[in-house]
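Subject: Structure handover

Hello,

Please find the structure below, passed on for your own work. My notes on what was found in it follow.

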Amino acid sequence: MSYVPSYDEALTILKKYNKEPFHIQHGKTVGAVMGYFAETYDPERKDFWEIVGLLHDLDFEMYPDEHCVKQVELMEEEDLDEDIIHATTSHGYGLTDSKAKPEHVMEKILFAIDELTGIIGAAALMRPSKSVQDMTLKSVKKKFKDKKFAAGCNRDVIRSGADKLDWELDTLLSETLEAMKATEEA
């Protein structure tokens, strides 16, 4: 029988396959941002959205060449719910060998914000405050346009994510920045 873990159980699962503090922090950040978006789009399932965000890169540290594919096997071994498996692997659609397509708004938001949280997080670390609290949309846009900054974060994926959501790019950038401001303490 598959199950939806609690946040703490999901964190334990994440740490089972990820040892690097960066990967664990990224999962926590994406989980918090997903929870923020859930408050608008699916408030009854906020916990589920957070767990999906937390676990979205479960296989990346150990199996980067099989990202979003090996994850299916790992999650099945953990007896995780099929909806978690589909949602987490859908953020690799068109980028990895994942066959799961982002269909629901939650999956489209995950697809859109995964790389973007990396850019915003990297920009925050360059600020004297080391925080997103004093960051503006203008500064996010400037870093987004600079292809050398956080070069590992794929801008085309972010643009494609905005398109999947039928959002203007500025809306995605602004909403994700606000989500990170609101959840930074967590």
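To begin with one residue, glutamate 73 has a relative accessible area of 37% and therefore counts as partly exposed. Please keep in mind throughout that this is a predicted model.

Salt bridges

Glutamate 73 is joined to lysine 70 by a side-chain salt bridge, with an N to O distance of 3.0 Å. The two residues are 3 apart in helix α4, so about one helical turn separates them. Lysine 70, in contrast to its partner, is buried, because its relative accessible area is 15%, and the cut-off for buried is under 20%.

The total number of salt bridges is 8. Another of them links arginine 45 to aspartate 42, at 2.8 Å from N to O. Arginine 45 is partly exposed, with 34% relative accessible area. Aspartate 42 is buried, at 15%.

Aspartate 134 and arginine 127 form a further salt bridge, with 3.1 Å between N and O. Aspartate 134 has a relative accessible area of 38%, so it is classed as partly exposed.

As background, side chains of opposite charge can pair when their charged atoms come close.

A buried aspartate without a salt bridge

Which side chain of opposite charge is nearest to aspartate 114? It is arginine 155, and the separation is 13 Å. A salt bridge requires a side-chain nitrogen of Lys or Arg within 4 Å of a carboxyl oxygen. Aspartate 114 is buried and has no salt bridge. Its place in the fold is helix α6, which covers residues 105–126.

What does the side chain of aspartate 114 contact instead? There is a polar contact with the side chain of histidine 26, at 2.7 Å. Histidine 26 belongs to helix α2, residues 21–41, so this contact connects a residue of α6 with a residue of α2, as the helix assignments follow DSSP runs. Histidine 26 is itself buried, because its relative accessible area is 14%.

The side chain of histidine 26 also makes a polar contact with the side chain of aspartate 57, at 3.5 Å. Histidine 26 thus has side-chain polar contacts with aspartate 114 and with aspartate 57. The 3.5 Å value sits at the cut-off, since a polar contact is a pair of N or O atoms within 3.5 Å.

A negative surface patch

Glu76, Glu77, Glu82 and Asp83 make up a negative patch on the surface. Helices α4 (70–77) and α5 (82–89) each contribute at least two residues to the negative patch. One of its members, glutamate 77, is in helix α4. Glutamate 77 counts as exposed because its relative accessibility is 55%. Helix α4 is also where the salt-bridged pair of glutamate 73 and lysine 70 is found.

Positive phi angles

Aspartate 79 is not a glycine, yet has a positive phi of about 60 degrees. Aspartate 79 is in the loop between α4 and α5, the helices that supply the negative patch. With 32% relative accessibility, aspartate 79 is classed as partly exposed.

Lysine 130 likewise has a positive phi of about 60 degrees without being a glycine. Lysine 130 lies in the loop between α6 and α7 (137–145). Is lysine 130 buried or exposed? Lysine 130 is exposed, because its relative accessible area is 53%.

Two buried leucines

Leucine 54 is part of helix α3, residues 46–55. At 1% relative accessibility, leucine 54 counts as buried. Between leucine 54 and alanine 32 there are 7.9 Å from C-alpha to C-alpha, although the sequence places them 22 residues apart.

Leucine 58 sits in the loop between α3 and α4. Although in a loop, leucine 58 is buried, with a relative accessible area of 0%. From leucine 58 to aspartate 79 the C-alpha separation is 14 Å, and these residues are 21 apart along the chain. Aspartate 79 is the partly exposed end of that pair, and leucine 58 is the buried end.

Regards

Technical notes: Residues numbered from 1 in each chain as written. Predicted model: local features only at pLDDT ≥ 70, side-chain atom pairs only at ≥ 80, totals over all residues. Heavy atoms only, no water. Patch = residues over 30% accessible without salt bridge, like charges linked within 9 Å, V, L, I, M, F, W, Y side chains within 5 Å. Areas by Shrake-Rupley, 256 points an atom, 1.4 Å probe, with all protein chains shown as cover. Lys, Arg positive; Asp, Glu negative; His and termini not counted. Charge placed at Lys NZ, Arg CZ, Asp CG, Glu CD. Helix = DSSP H or I, 4+ residues; strand = E, 2+ residues; numbered from the N terminus. Buried < 20%, exposed > 50% of the residue type's maximum accessible area, 1.4 Å probe, protein only. Polar contact = N/O pair within 3.5 Å; in protein donor to acceptor, adjacent residues only side chain to side chain.
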